[in-house]
Amino acid sequence: MPANPLLSLPYESALVELGDDYFDPVAAAKFPRCHLRFRNDRLLQQLGLEASQVTDEDFIQAFGRFEGCAPFLALRYHGYQFGEYNPFLGDGRGFLYGQLRNPAGVLYDLGTKGSGTTPYSRGGDGRLTLKGGVREVLAAEALHALGVRTSRCLSLVETGEALWRGDEPSPTRSAVMVRWSHTHIRFGTFERLDYLGRPDLMRQLLDHAISTYYPHLKDQPAAERDAQFFAELVARVASLVAQWMSAGFCHAVLNTDNMSIVGESFDYGPYAFIPEYDPKFTAAYFDYSGRYSYGNQPAVCRWNLQMLAKVLSSIVDRADLEAGLAPFESHYQTAYRQRMLQKLGFELLPLELAELLLQQTIELLSEVRVGYHEFFAGLAQQFSPDWRSHPQTILQATLEHSDPAAVALLKQWRQTYQRGLSQLPADAMAAVGQRLRQHNPSPVLLRPLIEAVWEPITTADDWQPFYDLIERIQPS
Ligand SMILES: Nc1ncnc2c1ncn2[C@@H]1O[C@H](COP(=O)(O)OP(=O)(O)OP(=O)(O)O)[C@@H](O)[C@H]1O
Ligand SMILES: [Mg+2]
């Protein structure tokens with residue numbers, strides 16, 4: 001039998017070399033059954049593999065039965081959960097499977113979710129529900145298609161167990177997922193080291209993080225390097241939040257253990273894409289205070305960065321950290337404005353006009369009864385070069401039946417939108433239409449759509465609608 005290409009990859013142990021203060025070696029659970037439900041062939045290229053080289057059985061052996069690569073590492077971390085510090089976290093249902101460098105030399109982590117209990121399971125079963133896995137696969141692919149910097153799922157294997165969960169009809173089916181990300185070092189990984197009073201370990205981890213994930217800073221003098229790392233992380237997080245906000249995405253669980261130190265989005269639990277523009281929209285039923293509402297995401301991510309700065313201040317100059325955090329809001333505004341302009345079909349507009357258009361767009365979306373995504377989809381579908389000279393025809397089909405107040409707002413918005421178009425030469429209209437389609441892809445992963453693909457899985461074990469949806473979200 002030919003060797004399993006997934007097991008013969010050149011796995012590295014960049015983290016192991018730091019010593020054993022950061023993780024616990026663990027074994028994977030033995031599952032009664034393994035059924036491959038999703039394999040991300042697009043990601044195989046990142047691992048230097050062709051899809052045709054890797055069989056389903058290869059996936060199951062490596063990422064369902066976990067034969068071959070051991071030991072696995074349950075990473076230790078703490079975190080602020082809904083604002084409260086929790087020193088009892090860590091990988092409680094996952095581990096670092098291995099680390100890999102792609103042909104371009106970039107290091108990736110393969111991490112699991114649902115692979116069994118660890119010293120951090122805290123009485124939990126160490127498992128992932130199949131529906132949770134399906135939802136995470138879909139979120140990652142949809143966000144990736146929207147240009148959000150995100151982790152992806154490499155595989156999802158159904159594991160044949162019956163799980164009990166308060167938020168799903170139970171018993172419910174089980175699965176194990178393998179996730180591909182740039183790193184699983186979280187803000188909470190640093191928070192734990194501060195809590196334990198170990199600046200020496202924090203120093204070592206920070207040096208590792210910078211040399212591995214911010215290699216362009218590596219040769220700077222130490223003080224500048226640390227300051228620049230934090231300033232860059234702040235910029236990355238600000239742009240990530242701008243990506244979520246423009247995509248209309250509510251992550252829902254922005255605890256510091258779910259924040260990556262490279263500013264990449266991951267851990268898609270109770271997330272939702274917003275149906276309408278509503279800053280108060282919350283996605284998690286247990287988010288009683290609305291801490292992680294859609295509109296609060298920039299503020300909580302800034303707060304999370306502030307918590308990270310607090311623990312880093314034992315090894316990095318406090319003034320440097322403060323200076324690094326200060327531009328968060330302006331980074332965020334710049335990135336958000338740019339993404340929203342693209343959703344509106346523009347690349348560049350004079351600043352004043354861009355701000356006015358954005359403000360009026362948000363005002364319109366808040367007042368009219370039109371879905372957030374429906375609005376942009378309407379713009380993309382109905383766009384006509386004639387809009388440049390006939391503003392009264394802009395978005396006629398979407399907002400025909402609105403009430404008088406909304407129609408007044410629409411008229412004002414149309415004028416501003418037309419002013420934007422008239423900044424561009426007439427022969428640039430095709431590019432506007434192209435940008436509108438590119439930055440407003442369909443379908444949008446609203447909850448009813450997820451439920452519509454889950455339904456045939458749960459009632460008839462019919463996976464075709466799920467595969468079709470992935471294909472539609474992320475055309476190959
Ligand atoms: N069923 C479970 N059994 C054991 N531990 C769990 C379980 N569900 C969650 N946990 C642990 O609770 C904490 C918070 O969970 P959270 O949902 O944020 O993370 P996760 O989804 O398990 O993993 P990740 O952040 O890698 O996506 C983590 O320490 C996680 O390992
Ligand atoms: Mg998590």
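**Exercise 1. Decide whether Lys113 is buried or exposed, and place it in the fold.**

Start with the neighbour count: Lys113 has 23 other C-beta atoms within 10 Å, so it counts as buried. The cut-offs are 20 or more other C-beta atoms within 10 Å for buried, 12 or fewer for exposed, and partly exposed in between, with C-beta atoms placed from the backbone. Keep in mind that this is a predicted model, in which local features need pLDDT of at least 70, side-chain atom pairs count only at pLDDT 80 or more, and totals for chains, interfaces and linings use all residues. Residues are numbered from 1 along each chain as its sequence is written, while chains are lettered from A and ligands numbered from 1 in the order in which they are written.

Next, find the element: Lys113 sits in strand β7, residues 107–113. Strands here are DSSP runs of E with at least two residues, helices are runs of H or I with at least four, and both are numbered from the N terminus.

Finally, list the partners. Leaving out residues up to four places away in sequence, Lys113 touches Arg93, Gly94, Leu128, Met177 and Arg179. A contact requires C-beta atoms, placed from the backbone, to lie within 7 Å.

**Exercise 2. Work out which residues UniProt lists under "binding site", and why they do not all gather at one spot.**

The unreviewed UniProt entry gives this feature to Gly90, Gly92, Arg93, Lys113, Asp125, Gly126, Arg179, Arg186 and Asp267. They span 178 residues in sequence and the farthest two C-alpha atoms are 22.6 Å apart, so they do not all gather at one spot. The positions follow the numbering used here, feature names are shortened, and annotations may be inferred rather than shown by experiment.

Now take one listed residue, Asp125. Asp125 belongs to the loop between β7 and β8 (128–129), and 17 C-beta neighbours inside 10 Å make Asp125 partly exposed.

**Exercise 3. Describe the shell around ligand 1.**

Count first: 17 residues surround ligand 1, and the closest are Leu89, Gly92, Ser121, Gly124 and Asp267. A residue qualifies if its C-beta atom, placed from the backbone, lies within 6 Å of the molecule.

Then sort by class: the shell has 3 nonpolar, 8 polar and 6 charged residues. Ala, Val, Leu, Ile, Met, Phe, Trp, Tyr, Cys and Pro count as nonpolar, Asp, Glu, Lys and Arg as charged, and the others, Gly among them, as polar.

Last, check the domains: domain 1 (16–184) and domain 2 (188–337) each supply at least three residues of the shell around ligand 1. Those bounds come from an automatic or database domain assignment.

**Exercise 4. Find where the backbone has cis peptide bonds and positive phi values outside glycine.**

Recall the background: most residues other than glycine have a negative phi, and most peptide bonds are trans.

For the cis bonds, look at two Ser–Pro pairs. Ser170 and Pro171 are joined with omega about 5°, and Pro171 falls in the loop between β9 (152–163) and β10 (172–181). Ser442 and Pro443 are joined with omega about 0°; Pro443 is in the loop between α14 (429–439) and α15 (447–460).

For phi, turn to Ala252, with a value near 90°. Ala252 lies between β11 (249–250) and β12 (272–273), in a loop, and is buried with 23 other C-beta atoms within 10 Å. Leu395 has a phi of about 55°. Its loop runs between α11 (372–382) and α12 (396–399), and Leu395 is partly exposed, with 19 other C-beta atoms within 10 Å.

Note on methods:
Two residues are in contact if their C-beta atoms, placed from the backbone, lie within 7 Å.
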